[in-house]
Amino acid sequence: MAKDLNITLESERVLLRPLGIDDEKALQEVADDDSLWIYGLQDLSKPTELNKYIKKAISDRENGTSAVWVIIDKKTNKVAGSTRLAEISWRDERGQIGWTWIGRDFQGSGLNKEMKYLMLTYGFEVLGLNRIEFKADERNHQSRQALLGIGATREGVLRQHMKIHDGYIRNTVFYSILRSEWDTIKAQYFTNFKAVL
């Protein structure tokens, strides 16, 4: 049974607010950085692409398969990017964290890890998911290291799996965290984080 995905998640550092069409202007300012889309399936520096991206994300939320957020850095009160818990299969109790893009000013600041904590807590403890997966371009070593840094298990590589916006067909590395692993991972990798309920 689908649950309400139009929800705000918050910690002392980060606010994840449900994405709305009114967020397009602020997100475009972040998305204008071409370097964010080197590994992207889409190039959201193009305004028409960002508009389609936002509309599709909102539609997926309304269809009960995606929770999608605008990322707000509470230290600066600025929009930092966007992220999702998507491709939710209620039958299989599974979802995927991804579609995450964060402006360069916020990369390496700890913001990404803190929002992953909020999303994993929400997925496992509120939505009752059993498996949360992640996919990364094999060439994106920064993203892959970050996934290992939150305790995700590398499962394998799908060769020539997805075509990105520039036509390159990437190899995709799969990672996951299971509900049975979450309490241990939370204690080991997220000891300093706390959700604001």
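## Exercises: rings, cores and a sheet

Tyrosine 53 and tryptophan 101 are both buried (under 20% relative accessible area with a 1.4 Å probe, protein chains only; exposed is over 50%, partly exposed in between). Before we start: this is a predicted model, where local features need pLDDT of at least 70, side-chain atom pairs count only at pLDDT 80 or more, and totals for chains, interfaces and linings use all residues. Residues are numbered from 1 along each chain as its sequence is written, and side-chain values use heavy atoms, with hydrogens and water left out.

**Exercise 1.** Classify the ring pair of tyrosine 53 and tryptophan 101, then place both residues.

Step 1: get the rule straight. Rings of Phe, Tyr and Trp (its six-membered ring) pair if their centres lie within 6.5 Å; planes under 30 degrees apart are stacked, over 60 edge-to-face, and the rest tilted. That rule gives nine aromatic pairs.

Step 2: apply it. The centres of tyrosine 53 and tryptophan 101 are 6.2 Å apart with 70 degrees between the planes, an edge-to-face pair.

Step 3: place them. Tyrosine 53 belongs to helix H2 (residues 47-62) and tryptophan 101 to strand E5, so the pair links distant parts of the chain, 48 residues apart (helices, H or I of at least four residues, and strands, E of at least two, are DSSP runs numbered from the N terminus).

Step 4: look over the ring. Arginine 84 lies over the face of tyrosine 53, at 4.5 Å from the ring centre; the test is NZ of Lys or CZ of Arg within 6 Å of the centre and within 35 degrees of the ring normal.

**Exercise 2.** Do the same for phenylalanine 190 and phenylalanine 193.

Step 1: the centres are 5.8 Å apart and the planes sit at 50 degrees, so this pair is tilted.

Step 2: phenylalanine 190 and phenylalanine 193 are both buried.

Step 3: widen the view. Ring pairs join these two with Tyr117, Phe124 and Trp182 in a cluster. Lysine 113 lies over the face of phenylalanine 190, at 5.8 Å from the ring centre.

**Exercise 3.** Find the element that gives the most to the largest nonpolar core.

Step 1: a nonpolar core is a set of buried Ala, Val, Leu, Ile, Met, Phe, Trp, Tyr and Cys residues joined through side-chain atoms within 4.5 Å. The largest has 36 residues, and Leu16, Leu85, Leu120 and Phe134 have the most contacts inside it.

Step 2: H3 is the top contributor, with eight residues.

Step 3: check leucine 120. Skipping residues up to four places away in sequence, its contacts (heavy atoms within 4.5 Å) include Ile97, Phe134, Trp182 and Phe190.

Step 4: don't miss the second, separate core of 18 residues, which includes Leu19, Tyr53, Ala57 and Val70.

**Exercise 4.** Work out the strand order of the sheet and its edges.

Step 1: the open sheet of eight strands runs E1-E2-E3-E4-E5-E6-E8-E7, with mixed pairing (strands pair if DSSP finds at least two bridges between them).

Step 2: strand E1 (9-10) and strand E7 (153-163) pair on one side only, making them the edges.

Step 3: zoom in on E4 and E5, which are antiparallel and joined by six bridges. Serine 89 has arginine 94 in E5 as its bridge partner.

**Exercise 5.** Which residue in the loop between E3 and E4 has a positive phi?

Step 1: asparagine 77 lies in that loop, with phi near 60 degrees, positive in a residue other than glycine.

Step 2: asparagine 77 is exposed, at 65% relative accessible area.
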